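Colleague: I'm new to this one and would like a walk through it. Could you put the model up before I start asking things?

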Amino acid sequence: MTDRSQTFAKVASLIEPFNKKGVEVTEQTRFAQDLEWDSLTVLDFVANIEDEFDVIISMNMQAEIETVGQLVDAVDRLAKAS
Amino acid sequence: MTDLLSKFDPLIEQRQALLDRGVTDPFNLTMERVESPTVAICNGRRTILLGTYNYMGMTFDPDVIEAGKKALDEFGSGTTGSRVLNGTYQGHRECEAALREFYAMDHAMVFSTGYQANLGIISTLAGKDDYIILDIDSHASIYDGCALGNAQIVPFRHNDLDALEKRLKRVPEGAGKLVVLEGVYSMLGDIAPLKDMIRIAKENGAMVLVDEAHSMGFIGKNGRGVAEAQGVIDDVDFIIGTFSKSVGTVGGFCVSNHPKFEILRLVCRPYVFTASLPPSVVATAATSIRKLMHGSEKRAHLWENSKTLHAGLKKLGFMLGTEEPQSAIIAVIMPNLETGAAMWEALLHEGLYVNLARPPATPQGMTLLRCSLCALHSSQQVEEILGMFEAAGRAVGCIS
């Protein structure tokens, strides 16, 4: 697997515990509209992502991230920078 | 034309649905007359007030009222100007002197409201490339202060030491760090483990701001707040507070020992670009603050009230926001907004006013009946209040 597909697989596995509706997770899946997450779920999920990849995803960055694919890109970029 | 208000349609519908059930609008109550810090006339009925921030009952203090009247006579009804132009009167200076003495700190800066104090200080301290690490349950004014600035905003789970530490350690080398905490969180009435949080913040090179709005005058030996009670006030870089709670009027402030603090008066936009407080308001605030320095007996009675109400509500079978009383706020958790509104109305009919609190103000989507006690509630009033909760709770079916 490439780095990116590894990141995607890891992100997808971290989504699963919060995927109450059993939505199929793809690059295009949107957190708000498709997964229907509220702010507290987002906090818990972001905390798990931050711990897994040892990065900070600030609220400013979260505002720019709508889809799973965008999150994978952001995580890859942040992990490389650190 | 796109109607810019159409985005509020879901809220308009939710509100209408609630009112259509025939309940009194919980967000539109009028106090027709106010008899004292603990009693008002609402809808023609004598009502015990258990949903104000009048913790120390200073609003009708004779010395406070007298000071306000005198200032109104001598200095007029308003300043019509900014603190940095024509809006700093002798009274503003005296009010800041009272704050410096109250907190035993070097600097004090008075804002027109507590909201503006958070808005101004937070947005001015943390600029682009700095990081603000804040508790997720922070007050709206803290979030708005973050939004007004350009810093990176990093929330952590409420009162979670481990989550705070992890985030601090991940902030890039060299970036400025401001940790923002509150002494008392006003929705559930719980306090923060400031001693450990401030230690962690300092170990990781962060400056610390603590909002002590709901603890001033009441918590700590001298009423300086939770940081004083936990013995760490000297490690706090900035304390934010308000005159609209224990002080009993309106206004906000920041106190600090930072040697460069005074420059903030020139660069803090919510301080500069608004009119200063009226002379009567700063005169009442200064008088009230000085009286709060000697309020230890009132503080003791307020703790008694808080303990009695907490124990009584628990015994009746209500679910409360904290296991033990931690402040003057006791939050009763309601299963949903409908039951909360029904209970709120039943209490009002009994002659008791509490705050109905709901999202987005509340954490985790909760509906709360928030009770805040006053040092001037008599022990007998607290017993009356418990009787009203029992009657309303049974009528609505909240308790068996």
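Colleague: Which element of chain A has the lowest mean pLDDT, and which the highest?

Modeller: Helix α2 (residues 39-53) of chain A has the lowest mean pLDDT, at 91, and helix α3 (residues 59-64) of chain A has the highest, at 94. Here pLDDT is the predictor's confidence in each residue, from 0 to 100, and the elements are DSSP runs numbered from the N terminus, with helices being H or I over at least four residues and strands being E over at least two. Chain A as a whole averages a pLDDT of 91, and 98% of its residues score at least 70.

Colleague: Anything I should know about the numbering and the model itself?

Modeller: Residues are numbered from 1 along each chain as its sequence is written, while chains are lettered from A and ligands numbered from 1 in the order in which they are written. This is a predicted model, in which local features need pLDDT of at least 70 and side-chain atom pairs count only at pLDDT 80 or more, whereas totals for chains, interfaces and linings use all residues.

Colleague: How is chain B divided into domains?

Modeller: The assignment, which is automatic or from a database, gives domain 1 (14-56 + 295-396) and domain 2 (62-292) of chain B. Their C-alpha centres lie 27 Å apart.

Colleague: And how many residues of each are in contact?

Modeller: There are 21 residues of domain 1 of chain B in contact with 21 residues of domain 2 of chain B, where contact is taken as C-beta atoms, placed from the backbone, lying within 7 Å. On the domain 1 side, the elements that give two or more residues are α12 (296-316), β13 (329-334) and β16 (367-372) of chain B, and β13(B) gives the most, with three residues. That side divides into twelve nonpolar, seven polar and two charged residues, counting Ala, Val, Leu, Ile, Met, Phe, Trp, Tyr, Cys and Pro as nonpolar, Asp, Glu, Lys and Arg as charged, and the others, Gly among them, as polar.

Colleague: Which residues touch the most other members of the largest nonpolar core?

Modeller: Ile122(B), Ile132(B) and Ile133(B) do, in a core of 125 residues. A nonpolar core is a set of buried Ala, Val, Leu, Ile, Met, Phe, Trp, Tyr and Cys residues joined through C-beta atoms within 7 Å. This core draws at least three residues from each of the two domains of chain B. A second, separate core has seven residues, including Val11(A) and Leu71(A).

Colleague: Switching topic, what is the strand order in the open four-stranded sheet?

Modeller: The order is β1-β2-β3-β14 in chain B, with mixed pairing, and two strands pair if DSSP finds at least two bridges between them. β1 (31-36) and β14 (352-353) of chain B stand at the edges with a single partner strand each, so one side of each is left without a neighbour in the sheet.

Colleague: How do the strands pair up?

Modeller: β1(B) and strand β2 (residues 39-42) of chain B run antiparallel and are joined by four bridges, with Val34(B) opposite Ala40(B) and a hairpin of two residues between the strands. β2(B) and β3(B) are also antiparallel, over four bridges, and Ala40(B) stands opposite Thr47(B) in β3(B). In their hairpin, which has two residues between the strands, Asn43(B) takes a positive phi near 50°. Strand β3 (residues 45-49) of chain B pairs with β14(B) in the parallel sense over two bridges, and Ile48(B) has Leu352(B) as its bridge partner there.

Colleague: What about the two chains, how many residues does each give to the contact?

Modeller: Chain B gives twelve residues and chain A gives ten. On the chain B side, β6 (152-156) and α6 (161-170) are the elements that give two or more residues, and by class that side has six nonpolar, two polar and four charged residues.

Colleague: Is Gln152(B) buried or exposed?

Modeller: Gln152(B), which lies in strand β6 of chain B, is buried, because 23 other C-beta atoms lie within 10 Å. The cut-offs are 20 or more such atoms within 10 Å for buried, 12 or fewer for exposed, and partly exposed in between, with C-beta atoms placed from the backbone. Leaving aside neighbours within four places in sequence, Gln152(B) is in contact with Ser58(A), Asn60(A) and Tyr131(B).
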